[in-house]
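Okay, thanks for making time, everyone. I'll put the model up and then walk you through it.

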Amino acid sequence: MLKKIFAFKFLILTICALQSPTWALDFQLGVGALDISKSDETSKESTFFPFIGLGGELDPALNVVLEVGTLNYETSVSGDEVLAKSKLEVSGTSTALIISPQTENYSFRIGYGTILYKYKNEFDPLVLTAFDLLGVTDPKQEIDDANGTQMILGVDRKVGSFFLGIEHRQISVKPIATIGFQYLGVKFETKEEIDLSHTWTGIRLGLNF
């Protein structure tokens, strides 16, 4: 639903912009180097965020871009909260609408969007050994795919067709985890919401076409 809303807003802005004599199409291609903060369950990590953007100038002082990007990284689950200690592979697809007030040399970025996160969880070997010693079988710790929301603030320095900037994103995502095991022939299973919210802080560079 949120993606449909973003697409609709973008279409309306595009139609309005096409009626303006100052309209100019803008295509971006770039990559971000991100420092991803720890969450209640996971450790701090770093990764790369390749992205493309399509939009345009509504006037010389305002740019609107629909940005799409992907990321993949691996993080450690601490075992201090709901989840048992494990390794978590994370992949995400980001969609965001960015509004950029701009000057000749700088572009200020304010945006909102969603990220579809996918998770692959693998127990720590020591946890599996403990299960074996206790007689626990069929341990399960699965995390559902989840949509997160993101608030975006940043600024880019423009040099010709190139840009170099810094950016901060506040990500809110709370997937459902299915946790289960079997003990003495009895199967136990529960579902809980977990808080994997975090922030991105990093640099981005790329080209405007």
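**A walk through the fold**

So, the chain has 2 helices and 11 strands. One thing before we go on: this is a predicted model. Reading along the sequence, you get the pattern α-β-β-β-β-β-α-β-β-β-β-β-β. There are 209 residues in the chain, and buried ones make up 40% of them. On the outside, the chain exposes about 11,400 Å², with carbon and sulfur atoms supplying 63% of that. And if you take the contacts with a separation of 6 or more, 66% of them are between residues 24 or more positions apart.

Now the sheet. Which strands close the barrel, and in what order? There are 8 of them, going β1-β2-β3-β4-β5-β7-β8-β11, with antiparallel pairing. On average, neighbouring strands in this sheet are turned by 25° against each other, direction ignored.

Let's look at a few of those seams. β1 and β11 run antiparallel, and 9 bridges join them. If you find glycine 30 on your screen, you'll see it standing opposite glycine 206 in β11. On to β8 and β11: these also run antiparallel, with 10 bridges. Here phenylalanine 163 is the residue opposite glycine 206. So glycine 206 of β11 faces glycine 30 as well as phenylalanine 163.

Then there's β7 with β8, antiparallel again, over 11 bridges. Leucine 153 sits opposite histidine 168 in β8 there. The hairpin of these two strands has 2 residues between them, and glycine 160 takes a positive phi near 65°.

Stay on β8 for a second. In a regular strand, side chains alternate between the two faces of the sheet. Strand β8, residues 162–172, shows that alternation. Phe163, Gly165, Glu167, Arg169 and Ile171 point to one face and are buried. Phe162, Leu164, Ile166, His168, Gln170 and Ser172 point to the other face and are not buried. Notice that the buried face includes Glu167 and Arg169, which brings me to charges.

**Salt bridges**

How many salt bridges does the structure hold? The count is 9. Let me start with glutamate 67 and arginine 204, whose side chains meet at 3.6 Å, N to O. This pair links distant parts of the chain, with glutamate 67 in strand β3 (residues 62–77) and arginine 204 in strand β11 (residues 198–208), 137 residues apart. Both glutamate 67 and arginine 204 are buried.

Arginine 204 has another partner, aspartate 156, and the closest N and O atoms in that salt bridge are 2.8 Å apart. Aspartate 156 is in strand β7 (residues 146–159), so to speak across the chain from arginine 204 in β11, 48 residues apart. Are these two buried or exposed? Aspartate 156 has a relative accessible area of 3%, so it counts as buried. Arginine 204 comes in at 2%, so that one is buried too. And the network goes on: salt bridges that share partners join Glu67, Arg109, Asp156, Glu167, Arg169 and Arg204 into one group.

Now for a pair with some exposure. The side chains of glutamate 122 and lysine 87 form a salt bridge at 3.8 Å, N to O. Glutamate 122 is in strand β5 (residues 106–123) and lysine 87 in strand β4 (residues 86–101), 35 residues apart. Glutamate 122 has 44% relative accessibility, so it counts as partly exposed. Lysine 87, at 28%, is partly exposed as well.

**The nonpolar patch**

Last stop, the surface. Leu25, Phe27, Leu29, Ile52, Leu54, Val68 and Phe209 make a nonpolar patch of about 630 Å². The elements giving two or more residues to the patch are β1 (24–36) and β2 (45–59). Which element gives the largest share? That's β1, with 3 residues. From β2, take isoleucine 52: its relative accessibility is 42%, so it counts as partly exposed.

For contrast, have a look at valine 64, in strand β3. Its relative accessible area is 5%, so valine 64 is buried. Valine 64 and proline 101 are 37 residues apart in sequence, and their C-alpha atoms are 8.7 Å apart in space.

That's my tour, thanks for listening.

How values were computed
Residues are numbered from 1 along each chain as its sequence is written. This is a predicted model: local features need pLDDT of at least 70, side-chain atom pairs count only at pLDDT 80 or more; totals for chains, interfaces and linings use all residues. Side-chain values use heavy atoms; hydrogens and water are left out. Patches are made of residues with over 30% relative accessible area and no salt bridge: like charges are joined within 9 Å, nonpolar side chains (Val, Leu, Ile, Met, Phe, Trp, Tyr) within 5 Å. Accessible areas come from the Shrake-Rupley method with a 1.4 Å probe; for residues, only the protein chains shown count as cover. A salt bridge is a side-chain nitrogen of Lys or Arg within 4 Å of a carboxyl oxygen of Asp or Glu. Helices (H or I, at least four residues) and strands (E, at least two) are DSSP runs, numbered from the N terminus. Buried means under 20% relative accessible area, exposed over 50%, partly exposed in between (1.4 Å probe, protein chains only). Two strands pair if DSSP finds at least two bridges between them. Axes are lines fitted to C-alpha atoms, for helices over the stretch in contact, and angles run from 0 to 180 degrees between N-to-C directions. Contact means heavy atoms within 4.5 Å.
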